[in-house]
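Visitor: I am new to this structure and should be grateful for a close look at a single part. Would you please describe one chain, how it is divided and what it touches?

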Amino acid sequence: MNLHEYQARDILRRHGIPVPPGEVASTPQEARALAERFGGKVVVKAQVHAGGRGKAGGVKLAKTAAEAETHAKAILGMTIKGLTVQKVLIAPAAEIASESYVGIIVDRASQRPVLMVSPAGGIDIEEVAAKTPEKIHRLAIDPRYGLLQHQALTLGFKLYADVKQARAAADIMQKLYAAVYGVGASLAEINPLVTTPDGSVQALDAKIGIDDNELERRPDIAALRDVSAEAPAEVAAREAALTFIKLDGYVGCCVNGAGLAMATMDLVKYYGGEPANFLDIGGSSNPQKVVAALRIITSDPNVRSILFNIFGGITRGDDVANGIVQATREFPLKVPIVIRLTGTNEREGIAILERAGFTALSDMDEAVKQAVAKAKGKAA
Amino acid sequence: MSIFIDKATRLVVQGITGRDGSFHAKQMMSYGTQVVSGVTPGKGGQLFENVVPVFNTVAEAVRETQANTAVIYVPAAVAASAIFEAADAGIGLIVCITEGIPVLDMTRVLPFVHERGARLVGPNCPGLISPGKSKVGIIPGNICKPGKIGVVSRSGTLTYEIIHQLSTHGLGQSTCVGIGGDPLIGTNFIHCLAGFEVDPETAAIVMIGEIGGTDEQQAAEFTKSSVTKPVVGFIAGQTAPPGRRMGHAGAIISGSSGTAAEKMAAFEQAGISVMQRPADVVPLLKERM
C-alpha cells in the first residue's frame, strides 16, 4: 500500500524527524486559507500515487494566497497517470541550500534492510543509480542491532562535511530506520533531504510504501488507505480477497495461483492473443470468490472471451464450478467462456459444469488456444 | 535418494488442530509421511486422529517424539513466532506453508534460523515431496510419480502444472521443492540445485522462476559453474507490466534486473534449456537426457 506524501510526512514527524510545515487541502478555499495562515510563498503539490508529479503540472509555486487558490483549483481534479488528484499539500516554499537522498528498502539479496544515501538528491534515485552509481552509498543493516550510531554517522559524512549536519543526518537515518519497523514499511525515502541557509537539515519530501502483510496488525496504518486514489476494479478485487491487475488485452483470465496466472497470460500471448488482466483467485477458493472474479472481468468492456485455468490443490474444482454456475445465473455472460479444470475434485466440478451446459477441458494449451480463437472470432 | 526429505523424515505439524493443519496432516499421513507429533498451544495431551500426540510446545514434541522436521500451518500473525520456536527446539528442517508473513518479520527470522543451523523452506510455499517416500506441505501427492527429475520452483500451482506434465509423460520426480514466492525466503534455487547435483537419484533438474529479484540470475551462474546435470528452466511473467505486483510479494519488476527476458537470457547463457511454455518441459528434458 502506498501512502500519500502528506501521510508519509506525518509519520516522519511522529518519529521525531524534522519536517518543514505543510498541510493538506481538498478544496481551493482550504488551500487559500492555509496559504494565508503560512504567509509568504507556498508550494501547491498534488497528492497522488504517481511519480513525475512536477512534469505533469501537479506542483506549482504560489506567491500569494490568491495564487495558491488558483493553482489548487487547476490541480484538484487533474488526472496524473490515470489517477485523479483529490488533495493538495500546501507548504511554505523552503529556501534550500542543498538536496540529498536517504532511503531504506528491504533487500532480497542480503535479506536485510538496506540504507541508501546519496548527496545527489531531489531527483529520481533510480536515475542516479543508472548514471552515477558512485554517488550512492549503501549499508545492509543487521536487524538484531539496528542501525548503529557510528554506521549512521559514517553515512552522514558522505552527505555533509560539517559535523553538525552529519550528526543531524545520522539522527534522521536512525529515526527513519525506527519508522520502517514502527509502521511496517517496505520502502521509506526522504527525497530530498535538504539543508536550509541557516544550516538545519530537514525532510522536505517523503515516500513510504507499506507491506500489505502488515496491515492486519496495524489498523491505524490500514486506515490511511485512500481508496479514491486506486483503480475501482482493483479495490473491488481486494475487498473480495482476489488479486487483480488490469492489462490492455481482450482475453479475460481467471486463474488460481500467481505463478500459474502469469504463465497463463504468457501462453495467451504465445498463441497470438493479449491478456486483459492478471487475476489470481488464491488458494482456498469458495464459490463467492469466483462470482466476484467474474463480475470484475466482465465489467471490462475490452474482454471478448473469458478463460478459466484452474489446477486444483487447495482450490477445489467443485467450488470453482459452483461459482461459475452461480455467477452466470446472476449476470448472463455476453462473451464466450473457456474452462480448464483439473486437480482436486475435478470430476465433481466437471459434472456441475456439464449439468449447467458448460464444457470443461483438461489441457492448459488447448484451453488457451480456444479462448484466443473465440476472442478473435467475435472481433472479426 | 532424494533431497531434504525421505523415509527418515519425522514430522511435527505446527497448527495440527487448525483448519488447514488438520486437513493437510491427514493428507500427509495417508501419503505415508511419518507424522510423529503435532503442536497447538493449549491442546497438549490430545491425540490427533487417535494416533498423533499433540503437544503445547515444539520442544516437547522434539523431546517426546524425536521429530526432525517441522511444517507450519498457523495463521500469518503467529507464523514468524512458529519458525523461531521450531528453530529454537533444534528442528533441522522447517517448512513454512503460511502466506502473508510481513517481510520485516523475516529479516529477524532468517538470521535466527541460520545461527541455529536449521534450514527453512518458504514461507508462502507449497512445501516438498519426495514421491513414494515423504510429503511435507500441500503438493497434491496424486500428481507426482517416483523418478529421476528434481523440480525446484518459486510458484505453487504452476509447479503442479509442470509436475503433471512430467508424470503424464512418464517422467517421475526425485524431489519437488516449492521454495516460495516471497521476497525473503530461507531456501533458494542454489541450495536446491546443489542438493540435486549431489543426489545420485536425480538425473536432470527443472527450475521454475518468476519475474522479480535476481535469484534466477544467480542460480544461472551457479548452474554454469557447479551443476553438471541437465537443467531445464521456465520464467513466468513474460507479459507482466513493469512496476506492478503480480500476486506474489516477490513477483514485482523493479529496475531491469527482474524481467522475464533478462532471466531467460541468463538461463540460456548458462546452458539451461528455456521453456517457452509449461508443455515444453517434457520435449526439452528428453532432448537433454
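Guide: In this predicted model, let us begin inside chain B, where 9 residues of domain 1 of chain B are in contact with 7 residues of domain 2 of chain B. On the domain 1 side of this contact, α4 and β7 of chain B each supply at least two residues. The largest share of that side, 5 residues, comes from α4(B). Sorted by class, the domain 1 side that touches domain 2 of chain B holds 7 nonpolar residues, 1 polar residue and 1 charged residue.

The bounds of the two parts may now be given. Domain 1 of chain B covers 10–121, and domain 2 of chain B covers 139–288. Between the C-alpha centres of these two domains there is a distance of 26 Å.

Chain B also touches chain A. Here 42 residues of chain B are in contact with 43 residues of chain A. On the side of chain B that touches chain A, two or more residues are given by each of α3 (76–88), α4 (103–115), α5 (157–168) and β15 (248–252) of chain B. The helix α4(B) appears again: its 6 residues are the largest share of the side that touches chain A. That side of chain B consists of 21 nonpolar, 15 polar and 6 charged residues. Thus α4(B) gives the largest share to the side of domain 1 that touches domain 2 of chain B, and also to the side of chain B that touches chain A.

Some details of the backbone deserve attention as well. Most residues other than glycine have a negative phi, and most peptide bonds are trans. In chain B, however, B:E49 has a positive phi of about 55° and is not a glycine. This residue is placed in the loop between β3 (47–48) and β4 (52–55) of chain B. B:N50, likewise not a glycine, has a positive phi of about 65°, and its place is in the loop between β3 and β4 of chain B. Are these two residues buried or exposed? B:E49 counts as exposed because it has 12 C-beta neighbours inside 10 Å, and B:N50 is exposed because 5 other C-beta atoms lie within 10 Å.

Chain B also contains a cis peptide bond, which joins B:G122 and B:P123 with an omega of about 10°. B:P123 belongs to the loop between β7 (119–121) and β8 (127–130) of chain B. The strand β7 of chain B was named above, as one of the elements that supply at least two residues to the side of domain 1 that touches domain 2 of chain B.

Terms used. Residues numbered from 1 in each chain as written. Chains lettered and ligands numbered in written order. Predicted model: local features only at pLDDT ≥ 70, side-chain atom pairs only at ≥ 80, totals over all residues. Contact = placed C-beta atoms within 7 Å. Helix = DSSP H or I, 4+ residues; strand = E, 2+ residues; numbered from the N terminus. Nonpolar A, V, L, I, M, F, W, Y, C, P; charged D, E, K, R; others polar. Buried ≥ 20, exposed ≤ 12 C-beta atoms within 10 Å, placed from the backbone. Domains from an automatic or database assignment.
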